[in-house]
Amino acid sequence: MASLQSSSGVITSLSSSSCRCRRGTTRATINMPKLRTGRLSMKLPARDLVQEVLDMGVGLTAETTSQMEKKYESRTNPNSPSLRSNVSDPTVIAKLHAIMEAVADRVGMHQNIGEQRDNWNSLLLTSINAITLTAATMAGIAATNVGGPLMALKLSSTLMYLAATGMLVVMNKIQPSQLVEEQRNAARLFKQLHCQIQTTLSSGNPNTSDVEEAMEKVLALDKAYPLPLIGVMLEKFPETVEPAVWWPQHRERQERRTDGNGWSVELEEEMREIVGVLKRKDTEDYLRLGKIALKFNKILSISGPILTGMAACGTAFVGSSHAPWAAIVGVVAGAMASVVNTMEHGGQVGMVFEMYRSNAGFFRLMEENIESNLNERDVGRRENGELFEMKVALQLGRSLSGLKNLAAASSYCSSRKEEAIINEEFASKLF
């Protein structure tokens, strides 16, 4: 009966709603049957359980809030450790920029002075040769004349030979072509240092050790390639030929990595073999060539002033009882002096010697870099092994596989006789 009453109620309501829809207003009501609640029993959670859930929510909210406050404080507080490790010291950056400006200024100075000394070489060579040949011509003319013009020609020729002798002595002392090569090397190395400082600023967080290292490199380059001539000029005719040194003493690395840092036993053996090849072949060969160039330059430097001095003496005796021999000495010695001067300064023998010495210094620097990494027992303080191997390969003009083949060939030659070492390949393929 209850179900029938409920269904009839639903029908009645639907009919009334349909009638109202005709009048323009839509009102739909559905009377659901009442559920019996007598048989349903729901157990509510205990009060202790509800309180525990609420306490957990409050605890999580407080912990999250404290973590957010700590993160905000670390981001805003300049004294926090995390911020100090991620942000560089502005004073350090300002110092590195100041060093970069000084290095860029030195690059321009060495380039300008190099051009000036190159002009010295060409102008002095042309002037001395012109003076010498003119004096030789006048000595020859004086040998064929007598009377008044003879004395004027003799005196003029002798004075010109003496002037050429003095200019040759000064020119051979300073070696303008060698000075030019020194300035070229200095400008190139200062440009390299400028790029290194730029890389330090752009790729990491610079510190005070980077500033000190940059300062030491600048001072070492200033000492290796001085700008003045008087007092601090490099010795152009040293007793022993040594590689050029333009780098400071290697500093102990402060950064440390906990992983293998790219090094392995095989890589260490490879680097040791590369150092052996550089010492036995490349450095030794350029020092040998430097000694040859130095000896040849010494001979030419002494011969030029001697020949012009002999020509001056011969010209002074033109017209006397020894006139034939005096004229021959005055003309031939002057001509020979022009040839010697052209060979020395036109051929830029001093520049060749400085180039050999600089190349030997380049290989010596490579040796010291490799040995400093190998001598560091803490692998974490070394330079990354894979990156270091790539740098060595690029400096020698080789691929990574070519570098490994060179190390293998060096190991084979070291275990064989001396003939195998003589036929060993050079490490560098660039020069």
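## A walk along helix 8

Start by selecting helix 8: at 1.5 Å a residue, its 52 residues should span 76 Å, and the end C-alpha atoms are indeed 76 Å apart, so expectation and model agree. Keep in mind as you look around that this is a predicted model.

Next, select Leu278 and look along the helix axis. Helix 8 has a kink of about 40° centred on this residue.

Now move to Asn297, which also belongs to helix 8, the element covering residues 265–316. Is Asn297 buried or exposed? Its relative accessible area is 1%, and because the cut-off for buried is under 20%, Asn297 counts as buried.

What surrounds Asn297? Setting aside neighbours within four places in sequence, show Gln175, Phe237, Glu344, Val349 and Gly350: Asn297 is in contact with each of these. Then add Gln348 and draw a distance between C-alpha atoms. Asn297 and Gln348 lie 51 residues apart along the chain, and their C-alpha atoms are separated by 9.3 Å.

Finally, zoom out to the whole chain. Colour by secondary structure and you will find 13 helices and zero strands; from the N terminus on, every element in the run is α. Switch to colouring by burial: of the 431 residues in the chain, 35% are buried. With a surface displayed, you are looking at about 26,400 Å² of exposed area, 60% of it supplied by carbon and sulfur atoms. A contact map rounds off the visit: among contacts with a separation of 6 or more, 83% are between residues 24 or more positions apart.

Technical notes: Residues numbered from 1 in each chain as written. Predicted model: local features only at pLDDT ≥ 70, side-chain atom pairs only at ≥ 80, totals over all residues. Heavy atoms only, no water. Helix = DSSP H or I, 4+ residues; strand = E, 2+ residues; numbered from the N terminus. Buried < 20%, exposed > 50% of the residue type's maximum accessible area, 1.4 Å probe, protein only. Contact = heavy atoms within 4.5 Å. Areas by Shrake-Rupley, 256 points an atom, 1.4 Å probe, with all protein chains shown as cover. Expected span 1.5 Å × (residues − 1). Bend = angle between axes of the 7 residues up to and from the residue.
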